[in-house]
Each structure stands twice: as C-alpha cells, then as structure tokens.
Amino acid sequence: MAVTLGANQYGKAETRVVRVFRDTEPHEIVDYNVSVQLRGDFADVHLHGDNTKCLTTDATKNTVNAFAKEMGDAVREPESFGRALARHFVDDVAQVERARIQLEAYPWDRLTHNGSPHPHAFARRGTYVRTASVTATADATWIVSGVRELVLLKTTDSEFHTFYTDRYTTLVPTDDRIMASSVTAQWLHTDPDTDWATSYDAVLKAMSDTFAGHHSLALQQTLYAMGEAVIAAQPEIAEVRFSMPNKHHFVVDLSPYGLENKNEVFHADDRPYGLIEGTIRRDDAPDPGPAAFDPGQGW
C-alpha cells in the first residue's frame, strides 16, 4: 500500500507577548497571544528526518518577541503586527511558501486616580477578545479582523414561531423571549492600508447597534442583519463570518409557589445550545483564497 505526504504545517502556538510603549506619557500597552503557522518545502523533515530547511518553532517565538520591539508603531494594532510577521516569514525564509499569523488581543482600559486618567495603571477589559489573522504568500496578503466572546442580550423584541415541526418537536412558539448570544465574528478586508482601530470600532458598533435595534424573528435573521450593516458601513470589507451560539434563557415555572411569571424570572442554561453560523458577502467580493475557512483552523 502506497502512502504520500499530504498538506502539512507547523509553527509555534500561543506566544504571549506584552508590549509597553514608554516613549511618551501616558504609557500605552498592547497584550497579544500570537500563533505562527508555516507551510512550504518541508517534506524532507517528515519523510527523512532531514531538518536542514526546518526553521525551529523556537525561532518563530523569538521572532514574535523581537518584532514586538523592532516594529514600533506597527505593533499597536494586531492586523499590522500580524502583517509584519507574515511578510517576514514568507519574504525572508526561502522555504516558507505560506505563513499564517493568528492573534488574540486583550484590551486594557486606563485606570483613574484622584479623578484623572492614570498614566501607567490599567484594568483588563473582559467584555470581548479582539482577534486578527494574517495569511501571506509570495505575492499576496489577506487580513482578517475579528472578535470573540462578545456577549449580547436583549430582553424583548425577539420572537420565534411558525417553525417546521415533526413528531419530535416540543418547543413552544413564542412572540416574546430573551435573545442572547456569544458572538464570534471574522471579517475579511480588501484594503491593506485600513485604519485598523477606527475600522474595528466601527464594526463592533454596527454589530451591536443592529443587534439592539433589530426586531428579531430568528437569530439567523439578526445574524444576517448584523453582517449586512457591517458591509454597508465599510464597503472595503469583503465578507463577514459569524458563529453565534444561542445562549438559552428558559422561563421558570413559578406556579407551584402560586406565582405568575410574565417573562421575569429565567433559568440561564449553557448546554445544549443552538449554534447558528453564516457568512454575509459583498456581491463583488473577491475570492478569499487561502484565507478561506480551514476545518479546525478558523480562517
């Protein structure tokens, strides 16, 4: 029986790097979790144990740390930091044909002291994690921004009824429910010179405003409306991909205690949960190329 080597990649996962900018007052800080994946001419490592072309994963970790110092202002945004790293591995390491840099960025807010912003004290913001993924080949770069763990909830303006039923259907239709989700979203840019911070804030605002103001007949409908709003506000965004688990809130039966529960007391259940996913694309969006979804690897 003949076998052959299929697609393969390697790198260093989850290098935690914190960069403090001390050159001006007040201090600024960025906090990243960086993963590097490399593809290229590495067959000899697998087939013969020949490491001649193997850039060590330790070297990729060292590169992340060194670039956090050397790249200056490019480090301030995960997209520009990821692009610098990806282009380095593809342009400067001959055997690397494709590099993918995945970043998680943990936001920090400045503390106040005696009523004024403190120049070098911070509190970790726990409302979401910012993400970015940069994929580079010899002649192209794809940049994807994202967010995960953005938990949104509305206490009304959400219905779910007239759904398909079969013999196993027990869900009771409702015209008033809590709708909540922990949003994971990723959006593909077509402009490599985007103002990343401004764009990111605008996307989060578009998604949050739409979720709040949209009278929902299904979480799927709200997902589509959120993606439509993002692309309408920023035409340079080619597509948005969502993964939105339904964080169920079930009305508690208080009748055994002689109490009426008019959608006031709920049980929040974490599993099992409905998992709603979808992609909203601009009509003329380019093919996402190697930035497309890889099973188990995100974008």
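Helices and strands are DSSP runs, numbered from the N terminus; a helix has at least four residues. The model described here is predicted.

Cys54 lies in the loop between helix 1 (43-48) and helix 2. Its relative accessibility is 27%, so Cys54 counts as partly exposed. Setting aside neighbours within four places in sequence, Cys54 is in contact with Tyr10, Phe42, Val45 and Gln95. Thr156 stands 102 residues from Cys54 along the chain. The C-alpha atoms of Cys54 and Thr156 are separated by 56 Å.

The loop that holds Cys54 leads to helix 2. Two packed helices are described by the angle between their axes and the distance between the axes. Helix 2 spans residues 57-70, and helix 3 spans residues 78-92. Their axes come within 11 Å and cross at roughly 130°. Helix 2 is therefore oblique to helix 3. The crossing of helix 2 with helix 3 is right-handed. On the side of helix 2, the contact is made by Thr60, Thr63, Val64, Phe67 and Ala68. Helix 3 contributes Phe81, Ala84, Leu85, His88 and Phe89. The residues of this contact divide into 7 nonpolar and 3 polar, with no charged residue.

A second helix pair is formed by helix 4 (residues 196-213) and helix 5 (residues 219-233). The axes of helix 4 and helix 5 come within 8 Å. They cross at roughly 145°. This crossing is right-handed. Val203, Ala206, Met207, Thr210 and Phe211 of helix 4 take part in the contact. Their partners in helix 5 are Thr222, Ala225, Met226, Ala229 and Val230. Of the residues in the contact of helix 4 with helix 5, 8 are nonpolar, 2 are polar and none is charged.

Where does His189 lie? His189 is placed in strand 8, which covers residues 179-189. Is His189 buried or exposed? The relative accessible area of His189 is 8%, so His189 is buried. The side chain of His189 makes a polar contact with the side chain of Ser145, at 2.8 Å. A polar contact also joins the side chains of His189 and Glu236, at 2.7 Å. Not counting residues up to four places away in sequence, His189 touches Ile143, Ser145, Thr194, Trp196, Ser199, Glu236 and Ile237. Among these, Ser145 and Glu236 are the partners in the polar contacts described above.

Terms used
Residues are numbered from 1 along each chain as its sequence is written. This is a predicted model: local features need pLDDT of at least 70, side-chain atom pairs count only at pLDDT 80 or more; totals for chains, interfaces and linings use all residues. Side-chain values use heavy atoms; hydrogens and water are left out. Axes are lines fitted to C-alpha atoms, for helices over the stretch in contact, and angles run from 0 to 180 degrees between N-to-C directions. Helices (H or I, at least four residues) and strands (E, at least two) are DSSP runs, numbered from the N terminus. Angles under 35 degrees count as roughly parallel, over 145 as roughly antiparallel, 65 to 115 as roughly perpendicular and the rest as oblique. A crossing is left-handed if the near helix is turned anticlockwise from the far one by less than a right angle, and right-handed if clockwise. Contact means heavy atoms within 4.5 Å. Ala, Val, Leu, Ile, Met, Phe, Trp, Tyr, Cys and Pro count as nonpolar, Asp, Glu, Lys and Arg as charged, and the others, Gly among them, as polar. Buried means under 20% relative accessible area, exposed over 50%, partly exposed in between (1.4 Å probe, protein chains only). A polar contact is a pair of N or O atoms within 3.5 Å; within protein, one must be able to donate a hydrogen and the other to accept it, and residues adjacent in sequence count only if both atoms are side-chain atoms.
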